[in-house]
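This report looks at a sheet, the nonpolar cores and one pocket.

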Amino acid sequence: MTDKNMGAMQVDTSLVRQLAELLDATQLTEIEVQDGERRIKVARKVQAIAAAQVAMPAAAAPQPVAAPVAPAAPATAAAAETANAIRSPMVGTAYLAAEPGAANFVAIGDKVKAGDTLLIIEAMKVMNPITAPAAGTVRDILIANGNPVEFDQPLIVVE
């Protein structure tokens with residue numbers, strides 16, 4: 001692809017295909033990855049699943065997110081809770097245990113050390129352990145076992 005404003009850009013078509021396959025596997029509608037200044041976004045139209053769209057780097061500012069209408073105290077508590085949360089480094093499926101039927105890696109109230117596995121995120125058939133960045137106590141688990149997670153989604157609160 002050539003963009004008159006940005007010069008020639010090399011598109012990694014195998015990465016685009018992998019992202020499109022991940023969309024199908026997770027039933028998500030869009031995935032965006034960034035590598036330096038290059039950003040690739042693959043999205044599926046809700047009604048027409050036939051083709052994925054690829055968006056190239058843009059200098060546009062992020063779009064504002066509408067604030068939810070809720071009482072001030074619960075919103076502040078929820079914001080404080082997710083501010084301390086360990087966030088997903090990728091899109092995938094979250095598992096709270098190593099295998100079906102096994103005990104969860106952690107439970108609310110558990111003490112963890114830096115490096116302890118908190119959960120696993122499966123992305124493109126690879127199991128990625130998510131570890132505690134520092135010692136603390138598990139205050140809340142914000143996801144359910146086997147559910148899809150988005151990039152930067154709050155997963156677990158460890159304080």
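Which residue is the bridge partner of Ile86 in strand 13?

## Basis of the model

The model is predicted, with local features requiring pLDDT of at least 70 and side-chain atom pairs pLDDT 80 or more, while totals for chains, interfaces and linings use all residues. Residues are numbered from 1 along each chain as its sequence is written, and side-chain values rest on heavy atoms, without hydrogens or water.

## The open sheet

The bridge partner of Ile86 is Ile156, in strand 13. Strands 6 and 13 run antiparallel and are joined by 3 bridges, strands being DSSP runs of E with at least two residues and helices runs of H or I with at least four, numbered from the N terminus.

Four strands, in the order 6-13-11-8, make up an open sheet with antiparallel pairing, where pairing requires at least two DSSP bridges. Because strand 6 (85-87) and strand 8 (111-112) each have a single partner strand, these edge strands are left without a neighbour on one side.

## Nonpolar cores

The largest nonpolar core (buried Ala, Val, Leu, Ile, Met, Phe, Trp, Tyr and Cys joined through side-chain atoms within 4.5 Å; buried means under 20% relative accessible area with a 1.4 Å probe, protein chains only) has 16 residues, and Leu119, Leu155 and Ile156 are among those touching the most other members. Strand 9 (117-123) and strand 13 (154-158) each supply at least two of its residues. Another core, of 10 residues including Leu15 and Val91, lies apart from it.

## Lining of a pocket

The largest share of the lining of the second largest pocket, 5 residues, comes from helix 1.

Note on methods. Buried means under 20% relative accessible area, exposed over 50%, partly exposed in between (1.4 Å probe, protein chains only).
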